[in-house]
Amino acid sequence: MIRFDNVTKIYKGETSAVDGVTLNIEKGEFVFLVGPSGSGKSTMLRLMTCEEKVTAGDIHVAGKDLSKLNSWRVPYLRRNIGSVFQDFKLLPNKTVYQNVAFALEVIGRPENVIRTQVPAILELVGLEDKHRRFPDELSGGEQQRVSIARAFVNRPLILLADEPTGNLDPDTSEELTSLLDRINRTGTTVVMATHDRTIVDRMRRRVIALRHGELVRDEQRGAYGSETDSPETLGIHPVDGASP
Amino acid sequence: MSRIRYFARETWTNIRRNLTLTFAAILTVAVGVMLVGMGLMAGYASGNALDRWEGGVQFEVFLNPQIDPSQIDALGIELQTHPEIDRIEFFSAEEAYALVSQQMADQPELLAQVSPEALPASYRVVPRSVEAELIESLAAQFRQRPGVMSVQTGREEVDAIRTWFTSFQGIVLLLSIVLSGASVMLIFNSIRVAMFARRREIEVMKLVGATNSFIRFPFMLEGMLHGLAGGIIGAIAAGALRGHVEGLFSRSDVLAFFRSFVVTSSQFTTVVFVTVIAGVLVGMIGSAFAASRFLDV
């Protein structure tokens, strides 16, 4: 579903954000992307959605070679990828329902599809009673569930989550991860970049660890920082920005 | 259907959010395209008025409406065989009436007072030389012939008027180019502000895979509507200007000379068409420029 072949990304005038990464993620996998801030997790996700172009190497996502993808085809690629962010990116002047419906509206889905899909997805994330609320009337966890609903309403093949629990308390984080887990069980490939040690350790899913843009660990049933890590990786702290 | 509603809603929200800049853009477009219309009308008016002086015609011999047909022929032969005259063209009363009725198509009550019989037939004369003295002496000779009502010369005046109108058109054209440039920049900026106000929506649209053209369309539509509104206001202003100037010419004795400076209604239709299209074009250029500048993948 997602394949990186010796991928390197260098931002202008900086050292490599991603350095020679090769990996393969199969359909239906649930993958944690871990590593300290600046280790290249977000860049990896941005490369998958074509928000950034690789400096060297090849990426295949959902059967498409991204380096050969015309820019006008990028939107169609993104319709196969749902994205969730730490800051939710909800539209404050739209209700919960409108926020989710917007995602279908702007890719030209007909109204009858919107009217059936949106309530169904709101039920899945447990927000069917709050569809008339505005984002600022919801808790952080609820807002993130709206953003997951928006990412998943078009039933994408892949769901990318960039620190989705970064702004949430531990209990809410647990709830959210189990929601992502449920989505994963429908066959959707989930890639979640995170700093949340508890979640990674509890879920026991595939863990890909990055440091300075390099892939340092790839385990099928891994933990946040396992015995195979180098001492520096073990020393990282789960809070953003606290690592050296 | 949902798509049309979406575009209508988004465009309307943009326009409402941004009223002052929208107004500035529309008014600049209006003034700019009004000047385009004005230049065009000046060209038409001078063309219509100076029509008879085309092709080297230096003077025109108007015949008495009651003239005998044999006299017309005699005069024609005399003009044609005159050593100083190159060629002549006969312009019958009916042709004169046709021209007048075309020019007065908008003022039927005025036209009703003109009968074909009252209009003089004429010979338009092209002499061999354009020397003013020669033309004056020729004109004087024929002024005395039986059946001749009057002889009009006016080459120098006509040239002066034509020069004046040409430079007037040049100035108007220059101003309209400057204002159109300003309009493009204003629309560019108002679209940019609209995009900035909606940057979150745009970000989300890109995220969920809306195509670039889908994202751009409401903004392009907005720019086009600015241009269209400006174009329509400009066309109305040009129409008012036309009415005002023609009224001024027909009332004032001092400006009586300019009475033949009219724009026919078919020409005015062209003017309206051109001004509105110019407005829409300006809007499209401004918004396309902004959309391509600020909406990359």
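**Legends to close-up views of chains A and B**

**View 1. Confidence along chain A of the predicted model.** The mean pLDDT of chain A is 89, and 92% of the residues reach at least 70. Residues 230-244 of chain A have a pLDDT below 50. In the model this stretch nevertheless has 22 contacts beyond near neighbours in sequence. Where pLDDT is low, predicted coordinates should not be read in detail.

**View 2. The contact between chain A and chain B.** On one side 17 residues of chain A take part, and on the other 16 residues of chain B. Two helices of chain A, α2 (74-78) and α3 (96-105), each supply at least two residues of the side that touches chain B. The largest share of this side of chain A, four residues, comes from α2(A). Sorted by class, the side of chain A that touches chain B holds nine nonpolar, three polar and five charged residues.

**View 3. Secondary structure and extent of chain B.** Chain B contains ten helices and four strands. From the N terminus onward, their order is α-α-β-α-β-α-α-β-α-β-α-α-α-α. Chain B is more spread out than a compact globule, because its radius of gyration is 28 Å, well over the 19 Å that the globule rule gives for 297 residues. The C-alpha trace of chain B spans about 90 × 40 × 35 Å along its principal axes.

**View 4. Burial and contacts within chain B.** Of the 297 residues in chain B, 34% are buried. Among contacts in chain B with a separation of 6 or more, 88% join residues 24 or more positions apart.

**View 5. The two domains of chain B.** Domain 1 of chain B consists of two segments, 2-50 and 159-294. Domain 2 of chain B covers 59-153, a range that falls between the two segments of domain 1 in the numbering. The C-alpha centres of domain 1 and domain 2 of chain B are 44 Å apart.

**View 6. Where domain 1 of chain B touches domain 2 of chain B.** Four residues of domain 1 are in contact with four residues of domain 2 in chain B. On the domain 1 side of this contact in chain B, one residue is nonpolar, three are polar and none is charged. The side of chain A that touches chain B, by contrast, includes five charged residues.

Note on methods
Residues are numbered from 1 along each chain as its sequence is written. Chains are lettered from A and ligands numbered from 1 in the order in which they are written. This is a predicted model: local features need pLDDT of at least 70, side-chain atom pairs count only at pLDDT 80 or more; totals for chains, interfaces and linings use all residues. The radius of gyration is taken over C-alpha atoms; the globule rule is 2.2 Å times the number of residues to the power 0.38. A residue is buried if 20 or more other C-beta atoms lie within 10 Å of its own, exposed if 12 or fewer, and partly exposed in between; C-beta atoms are placed from the backbone. Two residues are in contact if their C-beta atoms, placed from the backbone, lie within 7 Å. Domain bounds come from an automatic or database domain assignment. Ala, Val, Leu, Ile, Met, Phe, Trp, Tyr, Cys and Pro count as nonpolar, Asp, Glu, Lys and Arg as charged, and the others, Gly among them, as polar. pLDDT is the predictor's confidence in each residue, from 0 to 100.
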